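Q: I would like to learn how to read burial, salt bridges and overall form from a set of coordinates. Where should we begin?

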Amino acid sequence: MNKHISSGSSFETLAGYSRAVVDDRYVHVSGTTGFDYAAMTISDDAAEQTRQCFRNIAAALREAGCTLDDVVRVRYLLTDAALFDQLAPIFGRHFAHARPAATAQICGLIDPRMRIEIEVTAKLPD
């Protein structure tokens, strides 16, 4: 039986999804943006949005019983290729231990304030 984790974001209810889904072996965290879900605010700064993405993801992983160190796959969705050089060191600090398989894509996001969205898959500890 899958366990569903919610951040309390109104987006989850509106679009009918979960922040994360836990199955027998993995935690699948939905694409996560830089919104502070408690305040429903988002910074204009891409670096701060990225740090908030990681705080949001870490909270979901913690609720599932793991950490960023358990991440095996990450997908970065950026609105501008020029952001990669600025944000890559932030990625590296958060994944220095895990070193997950990674993909970066340039795309449009739903809200024009969003500069980045991050999706991860983590393996549950044995």
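A: Begin with accessibility: a residue is buried under 20% relative accessible area, exposed over 50%, and partly exposed in between, using a 1.4 Å probe and protein chains only. This is a predicted model, in which local features need pLDDT of at least 70, side-chain atom pairs count only at pLDDT 80 or more, and totals for chains, interfaces and linings use all residues. Residues are numbered from 1 along each chain as its sequence is written, and side-chain values use heavy atoms, with hydrogens and water left out.

Q: Into which class does Lys123 fall?
A: Lys123 has 28% relative accessibility and therefore counts as partly exposed. Asp126, in contrast, is exposed, at 94%. The two side chains meet in a salt bridge, 3.4 Å from N to O.

Q: What counts as a salt bridge?
A: The criterion is a side-chain nitrogen of Lys or Arg within 4 Å of a carboxyl oxygen of Asp or Glu. Searching the whole structure gives six of them. Salt bridges with shared partners also link Glu48, Arg51 and Arg55 into one network.

Q: Which parts does the pair Arg75 and Glu119 tie together?
A: Helices (H or I, at least four residues) and strands (E, at least two) are DSSP runs numbered from the N terminus. The closest N and O atoms of Arg75 and Glu119 are 3.2 Å apart. Arg75 sits in strand β6 (residues 71-78) and Glu119 in strand β8 (residues 116-123), so their salt bridge joins parts 44 residues apart in sequence. Arg75 is partly exposed at 26%, and Glu119 is partly exposed at 30%.

Q: Is Asp111 buried or exposed?
A: Asp111 is buried, with a relative accessible area of 14%. Its salt-bridge partner is Arg113, with the closest N and O atoms 2.7 Å apart. Arg113 is partly exposed, at 43%.

Q: How many helices and strands does the protein have?
A: There are three helices and eight strands. Along the sequence they follow the pattern β-α-β-β-β-β-α-β-α-β-β.

Q: How does the radius of gyration describe the whole protein?
A: The radius is taken over C-alpha atoms, and the globule rule is 2.2 Å times the number of residues to the power 0.38. For 126 residues, a compact globule would have a radius near 14 Å; the protein has 14 Å, which agrees. Its C-alpha atoms fill a box of roughly 40 × 35 × 20 Å along the principal axes. Buried residues make up 41% of the 126 residues.
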